[in-house]
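Here is a friendly note for anyone opening this structure for the first time. Please keep the view at hand while you read.

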Amino acid sequence: RNNNWLEAGALPSISANASQGFNWSENNNPASFIKGKSSSNTLSYGADLNWVLFNGFKVKISKDKLQYLQEQSEGNAAVVVENTIQSIILGYYNVLLQQEKLNAIQKLLEVSSDRYKYMQEKKDLGSVSTFDLLQVKNALLTDSTNYLMQELAFNNAQRNLNMLMAINVENKYNLTDKLEHTKNILSIDGLKEKMLSNNQTLKNQYINQNILKKDKGLMKANMFPVLSFGTGLNKSISGFKQGEFSSNGNESFSYYANFTLSFTLFNGHKTHRAFNNLRIQEEIADLTINEMELSLTNDLISAYELYSARTTILSLTKSSLENAELNLQIATEKYKSGSISSFEFRDIQTAYLNTAATHLESVFNAISGNTDIVRLTGGIVEEFK
């Protein structure tokens, strides 16, 4: 709203004025020339225009600064938007993570439930002992407890996502996406170049540096003379009454125009000190930008290496999960045929659950790492439009 030429001082200021006056008096002084009651009235109105024609290019500098201030505000809002988008993305995939974990535990719970029913039938036939049945039942109870705890984690993740989106926390969703990630082929040199040109936090610092330059320009403009123009007009109507004498409708009209040139010759070097102070602040801003570029480059390299490691781990855990699934299928058949004990089968079940959870967390970590890189390179708004 402030980014306009009027706020910058490019346009003249115009003011209008009007006044109405009445005066009554009663003079009983015998030495006075006018005795008795008298009254007078006046009406005056006019307008004035003032326009600064030159003040050391302050108008242009002020307009540029206002433009940068607007861009700074938009840039600060963009950072908030980027952080919010990233939080929502990770919140969404966290719901998927907890949902997939819940599905894995449910699959294991179904196997434990079938195994308990199978053992119950064998117990009724007298082919297994009560001890073996109790072991299977304990496994079923453990899986049921794990399922309830994971269901609680899933519900909490949904509520956190709703809170991030600023909507009713009790909303429920049926998420149909799969928790999966395909490795992106990235070039660290290309990422660095993109980060230095698109990172919003760095762009905001560049804007702040430009604002300091404009402040320095405004302070330097105080060393120049100021040329201003003023013009105006005024009209007055007056009337007078004293006894039998009266006079009404007396008018007067006046106008003026002038140029004013002012120049500060000496103010204790206050302007020079302020200018030098701003120059130091500008140098500090330059150092801050250099420090920020180094810090962001370090963060980007760390994020790139972490993402590469996570995608490699994801590939390894995927192979481990395939092996664990196959091992569980074989163990189920062996357990039914009596080739392995309930303790061995339970160990294989637990190994499958741990492997599935590790794989799911690896997928989430890879997605999180990719999101960090996209945010650092300033593309999170475009990427997840």
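The numbered points below go through confidence, salt bridges, aromatic rings, the surface and a few backbone details.

1. **Confidence.** Please bear in mind that this is a predicted model. The chain has a mean pLDDT of 90, and 97% of its residues reach 70 or more. Among the elements, α5 has the highest mean pLDDT, at 93. The lowest mean, 80, belongs to helix α8, which covers residues 380–383.

2. **Salt bridges between helices.** The whole structure holds seven salt bridges. One of the pairs to look at is Lys65 with Asp215, whose side chains meet with N and O 2.5 Å apart. Lys65 belongs to helix α2 and Asp215 to helix α5, so this salt bridge links parts of the chain that are 150 residues apart. Asp215 is buried, because its relative accessible area of 19% is under the 20% limit.

3. **A buried pair.** Next, please find Arg346 and Asp143, which form a salt bridge with their closest N and O atoms 2.9 Å apart. Arg346 lies in helix α7 (residues 342–376) and Asp143 in helix α3 (residues 130–164), so the bridge ties together parts 203 residues apart in sequence. Are these two partners buried or exposed? Arg346 counts as buried at 17% relative accessibility, and Asp143 is buried too, at 1%.

4. **A pair between strands, and a network.** Glu251 and Lys235 also meet in a salt bridge, at 3.6 Å from N to O. This pair joins strand β4, where Glu251 sits, to strand β3, where Lys235 sits, and the two residues are 16 apart along the chain. Glu251 counts as exposed at 55% relative accessibility, whereas Lys235 is partly exposed at 23%. Elsewhere in the list of bridges, shared partners join Lys60, Asp64 and Lys214 into one network.

5. **Aromatic rings.** There are eight aromatic pairs in the model. In one of them, the rings of Phe54 and Phe224 have centres 6.4 Å apart and planes at 85 degrees; the angle is over 60 degrees, so the pair is edge-to-face. Phe54 lies in strand β2 (residues 36–54), while Phe224 lies in the loop between α5 (200–221) and β3 (226–242), so the contact ties together parts 170 residues apart in sequence. Both rings belong to partly exposed residues: Phe54 has 28% relative accessibility and Phe224 has 34%. Ring pairs also bring in Phe57, which forms a cluster with Phe54 and Phe224.

6. **A tilted pair.** What is the geometry of Phe253 and Tyr255? The centres of their rings are 5.8 Å apart and the planes meet at 50 degrees, so this pair is tilted. Tyr255 counts as exposed, with 66% relative accessibility.

7. **A charge over a ring.** Trp5 has a charged neighbour: the charged end of Lys63 sits over its ring, 5.5 Å from the centre.

8. **A nonpolar patch on the surface.** Trp51, Leu53 and Phe259 make a nonpolar surface patch of about 330 Å². Phe259 is part of strand β4, residues 245–262. At 59% relative accessibility, Phe259 counts as exposed.

9. **Far in sequence, brought together in space.** Where is Leu90? Leu90 is in helix α2, which runs over residues 58–125. The C-alpha atoms of Leu90 and Ser368 are separated by 6.6 Å, although the residues are 278 apart along the chain. Leu90 is partly exposed, with a relative accessible area of 21%.

10. **Two backbone details.** Which residues should you check for a positive phi? Ala166 has a phi near 60 degrees, a positive value in a residue other than glycine. Ala166 is in the loop between α3 and α4 (188–198) and is exposed, with a relative accessible area of 70%. His269 likewise has a phi near 60 degrees. His269 lies in the loop between β4 and α6 (270–337) and is partly exposed, at 46% relative accessible area.

Key: Residues numbered from 1 in each chain as written. Heavy atoms only, no water. Phe/Tyr/Trp six-rings, centres within 6.5 Å; stacked < 30°, edge-to-face > 60°. Helix = DSSP H or I, 4+ residues; strand = E, 2+ residues; numbered from the N terminus. Buried < 20%, exposed > 50% of the residue type's maximum accessible area, 1.4 Å probe, protein only. Lys NZ or Arg CZ within 6 Å of the ring centre and 35° of its normal. Patch = residues over 30% accessible without salt bridge, like charges linked within 9 Å, V, L, I, M, F, W, Y side chains within 5 Å. Areas by Shrake-Rupley, 256 points an atom, 1.4 Å probe, with all protein chains shown as cover. Salt bridge = Lys/Arg side-chain N within 4 Å of Asp/Glu carboxyl O. pLDDT = per-residue confidence, 0-100.
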